[in-house]
Amino acid sequence: MTTELLGEPRAAQHDVQTGTLPDGRILGLRCRSCGRPEPLGPSYVCAACFGPLEVAYDLDVVRSTLSRAVIEARPAGIWRYLELLPVAGRPARGLPVGSSPLLSAERLGEAIGIERLLIKDDSRNPTLSFKDRAVAVAVARAVDFGMDTLACASTGNLAGATAAAAAVVGLPAYVFVPADLEPAKIEHALAYGATVVPIQGTYDDVNRLCLEIADERAWGFVNINLRPFYAEGSKTLAFEIAEGLGWRLPDVVVAPIASGAMFTKLARGFDELAAIGLVKRTPVRFVGGQAAGCSPVASAFRSGSDIIEPVRTPDTIVRSLAIGNPAEGRQAVELASSSGGSIEAIPDEATAQAIRRAARLEGIYTETAGGVTIAAAEAARRRGIIRRDDEVVALLTGNGLKTPEAFRFGTQPRPAEPGVAGLAPTIPASFSAFEAWLDR
Ligand SMILES: Cc1ncc(COP(=O)(O)O)c(C=O)c1O
Ligand SMILES: [Zn+2]
C-alpha cells in the first residue's frame with residue numbers, strides 16, 4: 001500500500017547523529033519537568049530528573065508550511081496533519097486511521113439536556129478504537145528507528161491496535177494484558193497474529209513488568225519507550241474536531257481518562273492549531289470521565305489535590321480505563337481545573353445506561369469507555385459545568401462489540417413481548433408459530 005502524494009513531504013531519513021529532521025520542524029525530545037532537551041530517539045524519561053519526555057516542535061516552521069488549504073487538499077486520515085506529528089513523512093505502510101465522523105447527536109443531547117451535542121465516533125478506526133491513532137505514530141517511528149519487534153502493555157484496546165499495526169509493517173508483536181481481560185479483546189489481538197501474554201494481576205502490574213522488559217530488550221513498546229510519539233497521535237482527535245467544526249474550537253470536550261495521555265493531548269492539539277493560526281484561540285472546558293471503581297484522577301480533582309492516590313485494585317466493568325496509577329493524572333487534573341471543566345466518577349450502572357442510550361437514540365454502539373464519556377457529560381451538565389446551549393463534543397473512543405455484555409449491566413434480562421423490544425423465544429420456522437407468539 002503506498003500512499004505517497006504529490007506535493008507532500010516524502011519520508012526522509014532522520015539524522016541519527018543530531019536527532020533532528022531535515023526540515024527543522026522537529027527540535028527533538030524535551031523533558032516536561034525540567035525542560036532539558038534530548039535527542040529524538042526511543043527514550044521516554046529525562047536523564048537528569050526522570051521526568052517524562054515529549055516531542056518539541058518549531059511551530060514557526062510549521063506555521064510557514066501548513067495552512068487550512070494544504071490540509072484540506074490531502075486525503076482523509078491522520079497524516080493530513082503531518083507537520084504537527086513527530087514523523088519525517090507519511091509512512092509507506094500503515095492502516096487507514098482517523099477522519100472519523102463528527103455527528104450531531106440531537107436525540108441523545110435532548111435526553112441529557114445539551115442542545116448542541118456532537119459525537120466524535122472514534123470507534124470507526126481499523127481496530128475499532130482511538131488507539132489506532134497513537135499506535136500509527138509510534139509504529140512509524142519504530143520502523144524509522146529500525147526496531148524489529150513491537151510490544152505494548154494494554155488495558156484491552158491497545159492490544160488489538162498494536163497487533164494490527166505490527167501485521168501491516170510485517171513485525172512480530174507481543175501484547176501484555178491482565179489475564180482476566182474481556183475475551184473479545186484477547187481474540188482480536190490473536191487474530192492479527194500477535195503473541196498475547198496474559199499476566200496475573202492488574203494493568204498496573206502488567207505495566208510494571210513491561211517497564212522491566214523494555215529495559216532489557218530493544219523492543220518498541222508503543223506506550224513505554226515510544227510513549228512520546230504514541231502520545232502525539234491523540235492530538236489528531238483535536239485537529240479533526242477543529243477541522244470538522246469549520247476550523248473552530250468547541251465550548252466543551254468530554255473524554256475518557258485512563259492514563260490521561262489522550263485527555264491532555266487534546267488540549268495540546270488545540271493549542272498548536274491556535275499557535276500556528278489555523279483556529280482562533282477560544283476557551284475550551286475539558287470534562288473527563290473515569291469509572292467510579294477506578295477513579296484516581298476524578299478523586300484528586302474532587303479533593304482539589306495535585307497528588308494522585310493510586311487505586312490498587314480496580315473494581316469496574318470499564319476495563320479499558322482501569323489504570324490505577326495513571327502517568328498523566330496530575331496533568332489531567334490541572335487541565336480540567338484550569339479550563340473550568342471537571343472530572344467525573346461514573347458508577348457502572350450509569351455507564352451501562354449511557355451505552356444503551358447512545359445505541360437506542362443515536363444508533364451508535366460504544367464500549368464501556370464511551371458509556372463513561374456520555375455519563376460524564378450528563379453529570380457535568382447536572383452540576384452546571386456544561387450549560388444547556390454549549391457546543392459539546394463527546395469522544396466515543398471504542399466499539400461496543402469489544403465489551404458485548406456491558407450494555408445490560410445492572411438490568412434484568414427482559415424477554416421480548418409484543419410492543420416490548422428484547423430477545424424473543426425461539427420459535428419454529430412457521431408463519432403460524434410467529435403469529436401465535438405475537439397475538440398471544
Ligand atoms: C476506549 C478507550 N478510551 C480511552 C482510553 C484512555 O486513554 P488514555 O490512557 O490516553 O487516558 C483508553 C485507554 O486504554 C481506551 O481503551
Ligand atoms: Zn528533566
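I take helices here as DSSP runs (H or I) of at least four residues, numbered from the N terminus. One reminder to myself before I start: this is a predicted model.

**Entry 1: the ligand shell**

I began with ligand 1 and asked which helix gives the most to its shell. The answer is H10, with three residues. I noted its span as 261–275, and helix H5 (157–169) joins H10 in supplying at least two residues of that shell.

Next I looked up how many residues surround ligand 1. There are 20, and the closest are Ser-259, Met-262, Ser-320, Thr-397 and Gly-398. Sorting the shell by class gave me nine nonpolar, nine polar and two charged residues.

**Entry 2: domains**

I then pulled up the domain assignment of the chain. It lists domain 1 (26–95 + 131–230), domain 2 (102–125 + 234–408) and domain 3 (413–440).

Where does ligand 1 lie with respect to domain 1 and domain 2? Both domains give residues to the shell, so ligand 1 lies between them. For domain 3, I checked the separation from domain 2: their centres, taken over C-alpha atoms, are 39 Å apart.

**Entry 3: the four-stranded sheet**

H5 from the ligand shell turned up again here, so I followed it. The sheet is open, has four strands in the order E8-E7-E6-E9, and its pairing is parallel. Strand E8 (195–199) and strand E9 (220–221) are at the edges; each has a single partner strand, so one side of each has no neighbour in the sheet.

I zoomed in on the E9 edge. Strand E6 (residues 150–153) pairs with E9 in the parallel sense over two bridges, and Leu-150 stands opposite Gly-220 in E9.

Which helices lie across these strands? H5 lies across E6, strand E7 (173–178) and E8, and runs at about 175° to E7. Helix H7 (residues 203–216) lies across E6, E7, E8 and E9, at about 150° to E7.

**Entry 4: the three-stranded sheet**

I moved on to another open sheet, with three strands in the order E2-E1-E3 and antiparallel pairing. Its edge strands are strand E2 (37–38) and strand E3 (53–57), each pairing on one side only.

Strand E1 (residues 26–31) pairs with E3 over five bridges, in the antiparallel sense. To pin down the register I noted one pair: Gly-28 stands opposite Ala-56 in E3.

**Entry 5: a helix pair**

Last, I looked at how helix H13 (residues 348–362) meets helix H14 (residues 368–382). Their axes come within 7 Å and cross at roughly 95°. Angles of 65 to 115 degrees count as roughly perpendicular, and H13 and H14 are therefore roughly perpendicular to each other.

On the H13 side, the contact is made by Ala-350, Thr-351, Ala-352, Ala-354, Ile-355, Arg-357 and Ala-358. H14 brings Thr-368, Gly-370, Gly-371, Val-372, Ile-374 and Ala-375. By class, I logged eight nonpolar, four polar and one charged residues in this contact.

How values were computed. Residues numbered from 1 in each chain as written. Chains lettered and ligands numbered in written order. Predicted model: local features only at pLDDT ≥ 70, side-chain atom pairs only at ≥ 80, totals over all residues. Near = placed C-beta within 6 Å. Nonpolar A, V, L, I, M, F, W, Y, C, P; charged D, E, K, R; others polar. Domains from an automatic or database assignment. Axes fitted to C-alpha atoms, helices over the stretch in contact; angles between N-to-C directions. Parallel < 35°, antiparallel > 145°, perpendicular 65-115°, else oblique. Contact = placed C-beta atoms within 7 Å. Pairing = 2+ DSSP bridges.
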